[in-house]
Amino acid sequence: MGYMQVDKHTLKALSVDRVYVLGDASNVPTSKAGSVAHYMSYTVVENVIREIDGHAPVPTFDGHATCFLASGFEKAILLDFNYTVEPLSGKFPFPGLGPFSLLEETFGNHWGKMTFKWVYWNLMMKGLELPLEAQFNMAGKMRKVPA
Ligand SMILES: Cc1cc2nc3c(=O)[nH]c(=O)nc-3n(C[C@H](O)[C@H](O)[C@H](O)COP(=O)(O)OP(=O)(O)OC[C@H]3O[C@@H](n4cnc5c(N)ncnc54)[C@H](O)[C@@H]3O)c2cc1C
């Protein structure tokens with residue numbers, strides 16, 4: 001498909017020297033999503049600085065993705081996962097509180113999807129800290145108990 005081949009944890013290009021890749025252009029085995037590009041940027045920025053300073057890259061990207069799925073009729077589903085943990089149920093981003101529900105189709109998730117673009121560009125990009133960490137976090141998630 002023409003994706004850039006990268007180390008999936010450091011995001012360093014495999015066939016080109018001193019190049020790091022983020023977003024849809026990379027071949028990492030996680031979602032092609034805005035959240036993924038955002039989470040990757042932490043690793044890429046740190047590793048570009050480390051490259052300039054002559055240090056080895058750090059393998060900090062874990063495949064973290066947070067995706068709203070519009071499911072119709074003012075409802076949406078929210079998924080949060082990484083390379084090794086499949087989507088689990090629970091609350092996000094505040095553990096136990098939400099306001100969003102993982103793996104559930106809710107109006108609250110739809111509201112979150114509709115407002116997040118404005119929140120991202122007008123608040124987060126201007127410095128508002130939300131608990132949207134680059135690394136996947138089990139807090140607020142429920143492991144499925146085998147039947
Ligand atoms: C219909 C649709 C719905 C989506 N919905 C969601 C969603 O709800 N949530 C979510 O998280 N993600 C969603 N995504 C995915 C998300 O948009 C992408 O994962 C994200 O935009 C990737 O960012 P990027 O910067 O890697 O690439 P892009 O946003 O594609 O940016 C690449 C940029 O490079 C430019 N470019 C291309 N070639 C050249 C060139 N030769 N020279 C200079 N510039 C060039 C392009 O014009 C573009 O501006 C959706 C994608 C699509 C298509």
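The protein chain of this predicted model has two helices and six strands, and when these elements are read along the sequence they follow the pattern α-β-β-β-β-β-α-β. A helix therefore opens the series, five strands come after it, and a second helix and a further strand complete the pattern. Taken along the principal axes, the C-alpha atoms of the protein chain fill a box of roughly 50 × 40 × 30 Å. Of the 147 residues in the protein chain, buried residues make up 37%.

The segment before helix 1 is a convenient place to begin, and Ser 26 lies in it. Because its relative accessibility is 0%, and buried means under 20%, Ser 26 counts as buried. The C-alpha atom of Ser 26 is separated by 4.8 Å from that of Met 4, although these two residues are 22 residues apart along the chain.

From that segment the reader can move on to helix 1 itself, which covers residues 34–52. With 19 residues at 1.5 Å a residue, helix 1 should span 27 Å, and because its end C-alpha atoms are 27 Å apart, the expected span and the model agree. Helix 1 nevertheless bends, by about 30°, at Ser 41. An α-helix has 3.6 residues a turn, so residues three or four places apart point the same way. With that in mind, one can look at the buried residues of helix 1, which are Ser 35, Val 36, His 38, Tyr 39, Met 40, Thr 43, Val 44, Asn 47 and Glu 51.

The ligand brings the reader back to the start of helix 1, since the residues around the ligand are Gly 23, Asp 24, Lys 32, Ala 33, Gly 34, Ser 35 and Lys 113, and helix 1 begins at residue 34. Sorted by class, this shell around the ligand has one nonpolar, three polar and three charged residues.

Three of the contacts with oxygen atoms of the ligand can be followed one by one. A polar side-chain atom of Asp 24 lies 2.7 Å from an oxygen atom of the ligand, and a polar side-chain atom of Lys 113 lies 2.6 Å from an oxygen atom of the ligand. In the case of Gly 34, a backbone N or O atom lies 2.8 Å from an oxygen atom of the ligand. As for how far the ligand is covered, it exposes 1,000 Å² when taken alone, and the protein buries 24% of that area.

Definitions and conventions: Residues are numbered from 1 along each chain as its sequence is written. This is a predicted model: local features need pLDDT of at least 70, side-chain atom pairs count only at pLDDT 80 or more; totals for chains, interfaces and linings use all residues. Side-chain values use heavy atoms; hydrogens and water are left out. A residue is near a molecule or strand if one of its heavy atoms lies within 4 Å of it. A polar contact is a pair of N or O atoms within 3.5 Å; within protein, one must be able to donate a hydrogen and the other to accept it, and residues adjacent in sequence count only if both atoms are side-chain atoms. Accessible areas come from the Shrake-Rupley method with a 1.4 Å probe; for residues, only the protein chains shown count as cover. Ala, Val, Leu, Ile, Met, Phe, Trp, Tyr, Cys and Pro count as nonpolar, Asp, Glu, Lys and Arg as charged, and the others, Gly among them, as polar. Helices (H or I, at least four residues) and strands (E, at least two) are DSSP runs, numbered from the N terminus. The expected span of a helix is 1.5 Å times one less than its number of residues. The bend at a residue is the angle between axes fitted to the seven residues ending there and the seven starting there. Buried means under 20% relative accessible area, exposed over 50%, partly exposed in between (1.4 Å probe, protein chains only).
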